[in-house]
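Reader: Got a minute to walk me through this model? I'd like to know what's worth a look before I set anything up.

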Amino acid sequence: MPRTKSTLASLASLTVLAAAGAAVTLAAPAQAASSVGGTITRGEVIARAQSWVDQGVPYNQGAYHSDSNGSYREDCSGYVSMAWHLNSSLVTQTLPNVSTKISFSQLKAGDAMDYTAAHTFLFAGWTNQATGAFTYYAESNTNNPTHGPTAANINSSSLEGWPTSYYDALRYDNIVDDPAPVTHMARTVGGDFNGDGKQDIAGIDANDNLKLYTGDGAGNVGGGTNMLGSNGLWKGFKTIAAGDFNGDGKQDIAGIDANDNLKLYTGDGAGNVGGGTNMLGSNGLWKGF
């Protein structure tokens with residue numbers, strides 16, 4: 001992939017700072033609030049959805065709720081329209097007009113599940129994609145107003161009272177991923193490497209093997225399994241960084257090897273990495289970092 005001088009300079013500074021031996025994560029750049037019908041990040045979609053939960057907005061197909069998010073109809077499709085910051089409250093039949101159908105496996109936070117004849121709800125994120133577990137936000141009926149994040153499973157026969165097979169997964173055409181935080185290179189890094197929605201720690205141990213310690217979401221980690229499935233592959237590695245470098249939604253590891261080459265090991269979302277390709281396309285470019 002091409003690298004500009006500014007990109008290389010940034011990577012260089014990360015590596016120099018890593019010499020201090022501490023892992024530091026920089027917050028993602030601040031994002032301006034979206035405009036009506038404009039580009040919106042997944043994080044903002046979820047924040048808008050949560051705001052109706054916090055306000056306890058009731059379900060009423062004949063009423064509109066007005067707040068800092070705008071004015072939207074108090075039902076399932078009005079709720080998704082609000083979260084996506086559309087210019088009006090669409091209905092289940094017209095939400096596909098501003099979105100693209102995707103597979104269930106491609107769902108990310110801020111996407112929607114839409115049964116055009118009756119119901120729609122907002123996908124909030126996987127808690128364990130391997131098992132199908134996820135959370136969502138919805139306006140359901142007068143007895144179940146705005147709620148979420150609610151636990152569910154994509155493999156269930158029904159979701160929100162309708163057969164799962166009736167739904168299409170939709171991605172709003174103007175939604176974009178949130179910028180990933182920048183992680184300084186170090187011998188340990190954090191990230192959700194096994195896709196369960198909880199932060200883990202990957203690190204190079206005293207024998208220079210890359211190990212994964214999975215988090216329980218309560219401040220504890222355990223395990224210590226080899227992420228590459230074999231000893232020796234990380235011998236001599238100096239520093240590592242974590243991030244979704246290939247854009248597939250899974251955490252990868254980048255590292256500087258014993259020959260001072262910057263290598264990419266792609267993650268499978270289940271706690272393993274593999275590959276080891278040169279990120280700069282040629283040996284030697286990272287000599288001396």
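**Loops, pockets and charges**

Author: Sure. Let's begin with N261, which is found in the loop between β20 (252-256) and β21 (262-267). Keep in mind that this is a predicted model.

Reader: Okay, is N261 buried or exposed?

Author: N261 counts as buried because its relative accessible area is 8%, and the cut-off for buried is under 20%.

Reader: And how far is N261 from L280, C-alpha to C-alpha?

Author: The separation is 8.6 Å, with N261 and L280 sitting 19 residues apart along the chain.

Reader: Switching to pockets. What volume does the largest one have?

Author: About 1400 Å³ for the largest pocket. Its lining is made up of 43 residues, and the closest to the centre are D192, D244, G249, K250 and Q251.

Reader: Which elements give two or more residues to that lining?

Author: Those are α2 (42-55), β7 (119-128), β15 (188-191) and β19 (239-243). The largest share comes from β7, with six residues.

Reader: How does the lining divide into nonpolar, polar and charged?

Author: There are 20 polar residues, 13 nonpolar and ten charged in the lining of the largest pocket.

Reader: You mentioned α2. What about V45, where is that found?

Author: V45 is in helix α2. Its relative accessibility is 0%, so V45 counts as buried. The C-alpha atoms of V45 and V80 are separated by 9.0 Å, and the two residues are 35 apart along the chain.

Reader: V80 is in α3, right? Which residues of α3 are buried?

Author: The buried ones in α3 are C76, S77, G78, Y79, V80, S81, M82, A83 and W84. That's nine of the nine residues of the helix (residues 76-84), so α3 is largely enclosed by the rest of the structure.

Reader: What follows α3?

Author: H85 does, and its phi is positive. The value is near 60 degrees, in a residue other than glycine. H85 lies in the loop between α3 and β5, and it counts as buried because its relative accessibility is 8%.

Reader: I'd check E160 as well. What's its phi?

Author: About 55 degrees, so to speak a positive phi in a residue that is not a glycine. E160 is in the loop between β10 (158-159) and β11 (162-163).

Reader: While we're on backbone: which peptide bond is cis?

Author: The one from G148 to P149 is cis, with omega near -5 degrees. P149 has its place in strand β9.

Reader: Now charges. How many salt bridges does the structure hold?

Author: Seven salt bridges. One of them pairs D75 with R73 at 2.6 Å, N to O, and both of those residues are buried.

Reader: What about D111, which residue does it bridge to?

Author: D111 forms a salt bridge with R171, where the closest N and O atoms are 2.9 Å apart. That pair links distant parts of the chain: D111 is in the loop between β5 (99-102) and β6 (112-115), while R171 is in strand β12 (residues 168-172), 60 residues apart. D111 and R171 are both buried.

Reader: Which residues do shared partners join into one network?

Author: The network is R42, K108, D111, R171 and D177, joined by salt bridges that share partners.

Reader: And D205, which side chain does it meet in a salt bridge?

Author: D205 meets K211, at 3.3 Å from N to O. K211 is buried, with a relative accessible area of 15%.

Reader: I also have my eye on E139. Where does it lie?

Author: E139 lies in the loop between β8 (133-138) and β9 (147-153). Although E139 is buried, it has no salt bridge.

Reader: How far away is the nearest side chain of opposite charge?

Author: That would be R73, 9.9 Å from E139. The cut-off for a salt bridge is within 4 Å.

Reader: What kind of contact joins E139 and T146, then?

Author: A polar contact of 2.7 Å between their side chains.

Reader: Great, that gives me a list to work from.

Notes: Residues are numbered from 1 along each chain as its sequence is written. This is a predicted model: local features need pLDDT of at least 70, side-chain atom pairs count only at pLDDT 80 or more; totals for chains, interfaces and linings use all residues. Side-chain values use heavy atoms; hydrogens and water are left out. On a 1 Å grid over the protein atoms alone, a cavity is a set of points where a 1.4 Å probe fits but cannot get out, and a pocket is an open set with protein on both sides within 12 Å along at least five of seven lines; lining residues have an atom within 4 Å of a point. Grid points are joined across faces, edges and corners, and a volume is the space filled by probe spheres set on the points. Helices (H or I, at least four residues) and strands (E, at least two) are DSSP runs, numbered from the N terminus. Ala, Val, Leu, Ile, Met, Phe, Trp, Tyr, Cys and Pro count as nonpolar, Asp, Glu, Lys and Arg as charged, and the others, Gly among them, as polar. Buried means under 20% relative accessible area, exposed over 50%, partly exposed in between (1.4 Å probe, protein chains only). Lys and Arg count as positive and Asp and Glu as negative; His and the chain ends are not counted. A polar contact is a pair of N or O atoms within 3.5 Å; within protein, one must be able to donate a hydrogen and the other to accept it, and residues adjacent in sequence count only if both atoms are side-chain atoms.
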